[in-house]
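Have a look at the chain below and turn it around a few times. Then we'll walk through it piece by piece.

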Amino acid sequence: HNSINTCLQFLPYHKVGVAVLMNARLDTFIPGPTACEIAFNIARITLHLPYELPSTRIFYGGYALYDSFLVLMVFAIVWQAARFKRWTDRYVRATGVKRFFCWMGIGLNLFIPLIILASPSLLGTDWATVISFRRDFSLPLLVIGLCLGILGAAKLFRIITAHKQASPAKG
């Protein structure tokens, strides 16, 4: 199972052995210590040798970035949903740069869910494993991806509908 992280660290000369069994990999989505790093440093602690503590800045920095991403995406979803009712009118009136940014928004709304769906594969795991062991990461990402995808598809549908209504009927 690829979410289990196990390490056995033996120092036979010093008669020390350390076994670290973790039911989650801390290094999957956000950089964190592996079982081998933890075992190695525990062995060094028992021998009163210098050891290295994991950098809390790197470990918690990743969580801060992840939380910031979630807050930004929730804000983007709420902002787009609040403005969605009049979105078609704004798109039809938009020209040049504004219309380009409308398409960029739709592109991001459709691209971000694809990246979210592909993220476990890119990290060497699958969604079933991630959902079962890291619900704190997976469920918010899936909900955000779903909401952004729906918004992007709905905007695209409204553009297509607006173009069909604006073009003269061929008879």
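Follow this predicted model along its sequence and you meet the pattern β-β-α-α-α-α-α-α. In other words, the chain has six helices and two strands. Of its 171 residues, 32% count as buried. The accessible surface comes to about 11600 Å², and carbon and sulfur atoms own 69% of that. How much of the contact list comes from residues 24 or more positions apart? If you take the contacts with a separation of 6 or more, such residues account for 63% of them.

**The start of the chain**

Let's begin with the two strands. β1 covers residues 5-11 and β2 covers 16-22, and K15 sits in the loop between them. K15 has a positive phi of about 55°, although K15 is not a glycine. Is K15 buried or exposed? With a relative accessibility of 77%, K15 counts as exposed.

Next up is helix α1. This helix has twelve residues and reaches 17 Å from its first C-alpha to its last, close to the 16 Å expected at 1.5 Å a residue. Which residues of α1 are buried? They are A35, A39, N41 and A43, and these buried residues pack against β1 and β2.

N41 deserves a second look. This asparagine belongs to helix α1 and counts as buried because its relative accessible area is 14%, under the 20% cut-off. Which residues does N41 touch, if we skip its neighbours within four places in sequence? The answer is Y51 and E52.

After α1 comes H48, whose phi is positive too, near 60°. H48 is not a glycine either. You'll find H48 in the loop between α1 (35-46) and α2 (56-83). At 74% relative accessibility, H48 is another exposed residue.

**Helix α6**

Now jump to helix α6, which runs over residues 135-166. It has 32 residues and spans 46 Å from first C-alpha to last, close to the 46 Å expected at 1.5 Å a residue. Its buried residues include F137, L141, I144, L148, L151, K155, I159 and A162. Here is a handy thing to remember about helices in general. An α-helix has 3.6 residues a turn, so residues three or four places apart point the same way. Try that on the buried positions in α6, such as F137, L141, I144 and L148.

Two other leucines in α6 show where this helix meets other parts of the chain. Take L142 to begin with, which lies in α6. L142 counts as partly exposed because its relative accessibility is 26%. What does L142 touch, not counting residues up to four places away in sequence? Its partners are I116, L117, W127 and I131. As for I131, its C-alpha is 9.8 Å from that of L142, and the two are eleven residues apart along the chain.

The other one is L146, also in helix α6. L146 is exposed, since its relative accessibility is 55%. Along the sequence, L146 and N109 are 37 residues apart, yet their C-alpha atoms are 9.6 Å apart in space.

**A nonpolar patch**

L117, which we met as a contact of L142, is found in helix α4 (residues 97-122). L117 also helps make a nonpolar surface patch of about 490 Å². The other members of that patch are L108, F111, L114 and I115.

**What about the cysteines?**

How many disulfides does a search of the whole structure find? The count is zero. Still, you can check how covered two of the cysteines are. C102 is buried, because its relative accessible area is 18%. C147 is partly exposed, because its value is 29%.

**Side by side**

Here are the residues from this tour, with their relative accessible areas.

| Residue | Relative accessible area | Class |
|---|---|---|
| N41 | 14% | buried |
| C102 | 18% | buried |
| L142 | 26% | partly exposed |
| C147 | 29% | partly exposed |
| L146 | 55% | exposed |
| H48 | 74% | exposed |
| K15 | 77% | exposed |

Why do C102 and L142 fall into separate classes? The buried class ends at 20%, so C102 at 18% is buried, while L142 at 26% is partly exposed.

Methods: Residues numbered from 1 in each chain as written. Predicted model: local features only at pLDDT ≥ 70, side-chain atom pairs only at ≥ 80, totals over all residues. Heavy atoms only, no water. Helix = DSSP H or I, 4+ residues; strand = E, 2+ residues; numbered from the N terminus. Expected span 1.5 Å × (residues − 1). Buried < 20%, exposed > 50% of the residue type's maximum accessible area, 1.4 Å probe, protein only. Contact = heavy atoms within 4.5 Å. Areas by Shrake-Rupley, 256 points an atom, 1.4 Å probe, with all protein chains shown as cover. Patch = residues over 30% accessible without salt bridge, like charges linked within 9 Å, V, L, I, M, F, W, Y side chains within 5 Å. Salt bridge = Lys/Arg side-chain N within 4 Å of Asp/Glu carboxyl O. Disulfide = S-S within 2.5 Å.
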